[in-house]
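Me: Could you walk me through the pockets and the surface of this one? I'll ask short questions as we go.

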Amino acid sequence: MLLDETLSIGELAARTGATVKTVRYYSDRGVLPEAGRSSGGHRRYAPEAVDRLRRARSLRALGLSLPEVSRLLAHPEEEFEGALEGAAARKLGDLGTELTALRWREAALRLLHESPPELRAERLLLVGGLDAPPATADLARFWRRLLPPGIPHRLRDAVVEAAVVCPPAEPTPQHVLAQAELHTLATRGRLSVDLCAPFSAAHPGYRPDVLYEGIAEAVPLTSAHLRAGRPPHEGDALDCFVAAHARARGADDTPTFRRDLSRHLARTADPMIERYWQLAGRLAPADEPTPGAVDDWHRAALDGQLARTDA
């Protein structure tokens, strides 16, 4: 290319509405390659540098980093639109995460601002342990430690996924408080009972995998009752729940078994687990019953049936 067909740094700046300093900045960082140098050593640019600089500035205005801009502009013209679509999708994903993080920080600040003075310092330490947006890895580890051995990985993963409520994308101050308490409970809490010991000790053939598989069958039935606002009652959902416990113990579903099951559930009720489900319920969407709500419904339905039978 002849030098008289090229543009000086000042001409390029004038055609694009940029400053000479801006042109030099992109040039120094390899985003805007030079076509050559004049006899006086001044930079010269090809005519297509006008469009390249405009694209570079537009991409930077959208928040793309210089390396991202360089990678995009390195694509041949026929591939540029496809590459731009992919970059925009990635940036949208990043921006969504950033916006969610900002909403969580805003909600945390509102929580502290609105808290009674005597609770503000305590809540500061509580919410200070949260990421923004909050990670759920600690909650998942909590449940993986809690679940009894002998459960297949597939089933264990399904139980953990159901037990760990995803933090809402648009949190309120109360969401922040509940999430912070959940995090503290999962990382520092201790159970007061061994949830499997009573059955496992008395029944060496106890099958926790059978229990969780059976309860998974009951969950859709019970969730439908919860969504419809139906109180705990006898029927298919309760029968499915009891049958899961019976099969896990190799027992028959009899009135005696149901009384034994009710006593077992009362013995193994742990305050920390109950608190977990209370907090999880504050974070879960209203139309998505938590496993804790489902379990409470089962227990209440069983106790109600036994009370009516014994009356």
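**Patch and pockets**

Reply: Sure, and keep in mind that this is a predicted model. Let's start with L95, which sits in helix α5 (residues 77-114).

Me: Is L95 buried, partly exposed or exposed?

Reply: Buried would need under 20% relative accessible area, and exposed over 50%. L95 has a relative accessible area of 41%, so the label is partly exposed.

Me: How much accessible area does the nonpolar surface patch with L95 have?

Reply: L95 shares that patch with L99 and L102. Taken together, the accessible area of the three comes to about 260 Å².

Me: On to the largest pocket: which element gives the most to its lining?

Reply: That pocket holds about 1300 Å³ of space. It has 48 lining residues, with Y212, W277, P291, G292 and D295 the closest to the centre. Elements giving two or more residues to the lining include α7 (137-146), α14 (271-283) and α15 (291-310). The top contributor, with eight residues, is α11.

Me: How many nonpolar residues are in the lining of the largest pocket?

Reply: Sorted by class, that lining has seven polar and eight charged residues. The nonpolar count is 33.

Me: And which element gives the most to the lining of the second largest pocket?

Reply: This pocket has a volume of about 230 Å³. Among its 14 lining residues, P33, E48, A49, R52 and L73 are the closest to the centre. Two elements, α3 (49-61) and α5, give two or more residues to the lining. With four residues, the one giving the most is α3.

Me: How many charged residues does the lining of the second largest pocket have?

Reply: Seven residues there are nonpolar and one is polar. The charged ones number six.

Conventions: Residues are numbered from 1 along each chain as its sequence is written. This is a predicted model: local features need pLDDT of at least 70, side-chain atom pairs count only at pLDDT 80 or more; totals for chains, interfaces and linings use all residues. Side-chain values use heavy atoms; hydrogens and water are left out. Patches are made of residues with over 30% relative accessible area and no salt bridge: like charges are joined within 9 Å, nonpolar side chains (Val, Leu, Ile, Met, Phe, Trp, Tyr) within 5 Å. Accessible areas come from the Shrake-Rupley method with a 1.4 Å probe; for residues, only the protein chains shown count as cover. A salt bridge is a side-chain nitrogen of Lys or Arg within 4 Å of a carboxyl oxygen of Asp or Glu. Buried means under 20% relative accessible area, exposed over 50%, partly exposed in between (1.4 Å probe, protein chains only). On a 1 Å grid over the protein atoms alone, a cavity is a set of points where a 1.4 Å probe fits but cannot get out, and a pocket is an open set with protein on both sides within 12 Å along at least five of seven lines; lining residues have an atom within 4 Å of a point. Grid points are joined across faces, edges and corners, and a volume is the space filled by probe spheres set on the points. Ala, Val, Leu, Ile, Met, Phe, Trp, Tyr, Cys and Pro count as nonpolar, Asp, Glu, Lys and Arg as charged, and the others, Gly among them, as polar.
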